Amino acid sequence: MNSRLATVGGYIIGFALLFLIWHLAALFVVKSVLFPSPLPVFERAWVLIEENLLQEQIVASMRRILQGFFLGTAIGIPVGLAIGSFRPVRLLLEPWTEFFRFIPAVAMITVSVIWFGIGEESKIFLIAYTTVFVVIIATAAGVGAVGRDKIRAAQCLGASRFQVFLLVALPATVPYILTGMRLAMANAFVTIVAAELVASNDGLGKMLWDARLFMQVEDIFVALISLGLLGFATDRVFRLLIRAFAGRFNPTM
Amino acid sequence: MGFVALEGVGKTYRGRTGAWEAVRDFSLELAEGEFFCLLGTSGCGKTTVLNMLAGFESPTTGRILLEGRPVRGPGADRGVVFQGHDSLYDWLTARDNIAFGLRLRGQGRAERRAMADRFLQMVGLTGQGAKHPSELSGGMKQRIQIARALANEPRVLLMDEPFGALDAMTRAVLQEELSRIWTQTRKTVLFITHDIEEACALATRVGVMKRGPGGTLKAVVPVDLPFPRVRTSDGFMATFRRVHALIHEEIHPHE
């Protein structure tokens, strides 16, 4: 419990320090209206929250991220398990994953807008696209890393092939899957902003773009800080999940 | 015919660097209820023999029979205790690890728990059932492995240098515990080791292997001493010297 208190305390002090440095930099170093200090940014954020504008953008972006993320994960886990478990599947699908993962989601924006329009579908497609390959590779690596003796032990306790998969390979792979999902979530944040910058009616990316058009520097900073905090929060959730599922038996992760 | 029979068993691995004959013409019969220690230098093929009997690998020549039926692949009639503790399921508690075999057979929760607790007691870990393997010491993990294998009620227990990675004190304690458990259960055991004292302390018969490649059974020494074994007794010393002489020729072949 004490260590958790120390963790939270560390977060608070760390963030306070960041804002202090920012404040000092704006006051003494940069001295430009284009680089506002934290105070006017927080005031602007408060106004946007009171008018419910910030929440709308956050909800719009997060909804797309979560929809695309869970779609990509739902496809990625079974495909990764199949690649990791069956050699023919691996030989067949590995070229695909190795090919597509080098085409970044950002490069797919144009074609996804042509296919799916500027509505929700194109964003969800892009997030799912950026998620799926990371999850596939992490999951397949996890299956490959299951210790030989774990499988043999199950076999000589009488396990069928299906039981070995369900009761040994799958649980042993969970930490790898969660780690893959955590990495994919970071990618999703990068992708959503790019997608909303190019083509969208709402969301944090759109907010960034509009603020640039109207030179609302405070709005840009509000959007940036929102992205940072949202990413930080989701990553913490994943860290907690990984620790709950895996930390107990894999302290290195 | 013996309870377990290995008849002219050989194993040759073929790889990119050519063929490697690990075991050549290995024959052995185990009687039901005996504790057989297979002793040999590293690389003599003793683990390969165990892996073939367990069904993890198939012999290239000869055949292996358990109660007259040929061994094909791993099965619940042959329990295995592995050298390392990587074989334990880190995500399960000690109790659930022990009851894993029962779970595979679809036994109920209450039954599994009762069985697990019985075997926790047998290996001296009463009250430790809720812990995960990461919370247990190396010696405790090997106790869990032994309990897991025994709880599944195999016909034969195969142990692949189970105490090899433990410190000398823990090893001696576990050897005594294993002897006690064996005298209670009289399970048929094939125990692989390179430790002469360990073999003499545990076995009813010690099989000494020729060094590899192409390792095979060189001699079998019966150990007709009462349990619990007293390591300072004359009988124990005599057996130790006899086995030592046999193994010594394999370590220093040109003397």
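## Two chains, their domains and their contacts

In chain B, the domain assignment gives domain 1 (4-77 + 155-251) and domain 2 (88-153); such bounds come from an automatic or database domain assignment. Before going further, please keep in mind that this is a predicted model, in which local features need pLDDT of at least 70, side-chain atom pairs count only at pLDDT 80 or more, and totals for chains, interfaces and linings use all residues. Residues are numbered from 1 along each chain as its sequence is written, while chains are lettered from A and ligands numbered from 1 in the order in which they are written.

### Domains within each chain

The C-alpha centres of domain 1 of chain B and domain 2 of chain B are 25 Å apart. Their contact takes 12 residues from domain 1 of chain B and 12 residues from domain 2 of chain B, where two residues are in contact if their C-beta atoms, placed from the backbone, lie within 7 Å. On the domain 1 side, helix H6 (residues 168-185) of chain B gives the most, with six residues. Helices (H or I, at least four residues) and strands (E, at least two) are DSSP runs, numbered from the N terminus. By class, this side of domain 1 of chain B has nine nonpolar, two polar and one charged residues. Here Ala, Val, Leu, Ile, Met, Phe, Trp, Tyr, Cys and Pro count as nonpolar, Asp, Glu, Lys and Arg as charged, and the others, Gly among them, as polar.

Chain A is assigned domain 1 (1-35) and domain 2 (36-247), with 28 Å between their centres, taken over C-alpha atoms. Seven residues of domain 1 of chain A are in contact with four residues of domain 2 of chain A. The side of domain 1 of chain A that touches domain 2 of chain A has six nonpolar, one polar and no charged residues.

### Where the chains meet

The contact between the chains takes 16 residues from chain A and 23 residues from chain B. On the chain A side, helix H7 (148-155) and helix H8 (161-198) of chain A are the elements that give two or more residues, and H7(A) has the largest share, five residues. The residues of this side of chain A divide into seven nonpolar, five polar and four charged.

### The fold of chain B

Chain B has eight helices and 10 strands. Its radius of gyration is 18 Å, close to the 18 Å that the globule rule gives for 255 residues, so chain B is as compact as a globular protein of that length; the radius is taken over C-alpha atoms, and the rule is 2.2 Å times the number of residues to the power 0.38. Along the principal axes, the C-alpha atoms of chain B fill a box of roughly 55 × 45 × 35 Å. Among contacts in chain B between residues at least 6 apart in sequence, 68% join residues at least 24 apart.

Four strands of chain B form an open antiparallel sheet in the order S2-S1-S4-S5, where strands pair if DSSP finds at least two bridges between them. Strand S2 (18-30) and strand S5 (69-70) of chain B stand at the edges with a single partner strand each, so one side of each is left without a neighbour in the sheet. Strand S1 (residues 4-15) of chain B is joined to S2(B) by nine bridges, and Thr12(B) stands opposite Glu21(B) in S2(B).

Of the 255 residues of chain B, 45% count as buried, meaning that 20 or more other C-beta atoms lie within 10 Å of the residue's own; a residue is exposed if there are 12 or fewer and partly exposed in between, with C-beta atoms placed from the backbone. The largest nonpolar core has 130 residues, and Phe191(B) and Leu39(B) are among those that touch the most other members. Such a core is a set of buried Ala, Val, Leu, Ile, Met, Phe, Trp, Tyr and Cys residues joined through C-beta atoms within 7 Å. Leaving aside neighbours within four places in sequence, the contacts of Phe191(B) include Phe35(B), Met159(B) and Leu202(B).

### Backbone details in loops

Two residues other than glycine have a positive phi:

| Residue | Phi | Loop | Other C-beta atoms within 10 Å |
|---|---|---|---|
| Met215(A) | near 55° | between helix H9 (204-213) and helix H10 (217-247) of chain A | 10, exposed |
| Glu67(B) | about 50° | between strand S4 (61-66) and S5 of chain B | 13, partly exposed |

There is also a cis peptide bond, from Phe227(B) to Pro228(B), with omega near -5°. Pro228(B) is in the loop between strand S10 (217-222) and helix H8 (234-251) of chain B.
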